[in-house]
Amino acid sequence: MAMKVSAPDGVKVYNISSSKTLPQWLSDSKKKSLKKNDEYKRRLELLQDFRFPAACQRIKVTPDGQYIFASGYHPPQVKVYDLSQLSLKFDRHLDAEIVDFQILTEDYSKAVFLCADRSLW
């Protein structure tokens, strides 16, 4: 998955999906008709609860492209978003600020977090 970056008015905008997807539960005939619908193509999809109280430090996408990990601080926390549902999957609070993290599997099941107190979670 390639992340597209555009900079209208000098502000970078990151597009994490290359094209808009149709819901899986739609029939094939309905999917074909929606692909031709201009109003449906121009729709805007937003992730729910994509925010942090103070700031977000790092954002990474899982190798399978289905989940986004985001870490922030005050309080130190990590949030995982499900792109197929456009919603928050879960969030976890940590004792120390996250310096960096790495996703260890194709999905969200394993990740490691390096914290400012030199601990690994």
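Author: In this predicted model, a residue is called buried under 20% relative accessible area, exposed over 50%, and partly exposed in between.

Reader: Is Arg58 buried, partly exposed or exposed?

Author: Arg58 lies in strand β3, residues 55-61. Its relative accessible area is 34%. Because partly exposed covers values between 20% and 50%, Arg58 is classed as partly exposed.

Reader: With which side chain does the side chain of Arg58 make a polar contact?

Author: Leaving aside residues up to four places away in sequence, Arg58 touches Phe69, Ala70, Ser71, Val99, Asp100 and Phe101. The polar contact between side chains, at 3.3 Å, joins Arg58 to Asp100.

Reader: Which side chain of opposite charge is nearest to Asp82, and how far away is it?

Author: Asp82 belongs to strand β5, residues 77-82, and is buried. Its contacts beyond four places in sequence include Tyr67, Ser87 and Lys89. A salt bridge requires a side-chain nitrogen of Lys or Arg within 4 Å of a carboxyl oxygen, and Asp82 has none. The nearest side chain of opposite charge is that of Lys89, at 4.4 Å.

Reader: Which strand supplies the largest share of the largest nonpolar core?

Author: The largest nonpolar core has 9 residues in all, among them Tyr67, Val80, Ile98 and Phe113. At least two residues of this core come from each of β4 (67-73), β5 and β7 (98-103). The largest share, 3 residues, is supplied by β7.

Reader: How many residues make up the other core, which includes Leu47 and Ile68?

Author: This other core lies apart from the largest one. Tyr81 and Leu83 are also among its members. The number of residues in this core is 6.

Terms used: Residues numbered from 1 in each chain as written. Predicted model: local features only at pLDDT ≥ 70, side-chain atom pairs only at ≥ 80, totals over all residues. Heavy atoms only, no water. Helix = DSSP H or I, 4+ residues; strand = E, 2+ residues; numbered from the N terminus. Buried < 20%, exposed > 50% of the residue type's maximum accessible area, 1.4 Å probe, protein only. Lys, Arg positive; Asp, Glu negative; His and termini not counted. Contact = heavy atoms within 4.5 Å. Polar contact = N/O pair within 3.5 Å; in protein donor to acceptor, adjacent residues only side chain to side chain. Core = buried A, V, L, I, M, F, W, Y, C linked by side-chain atoms within 4.5 Å.
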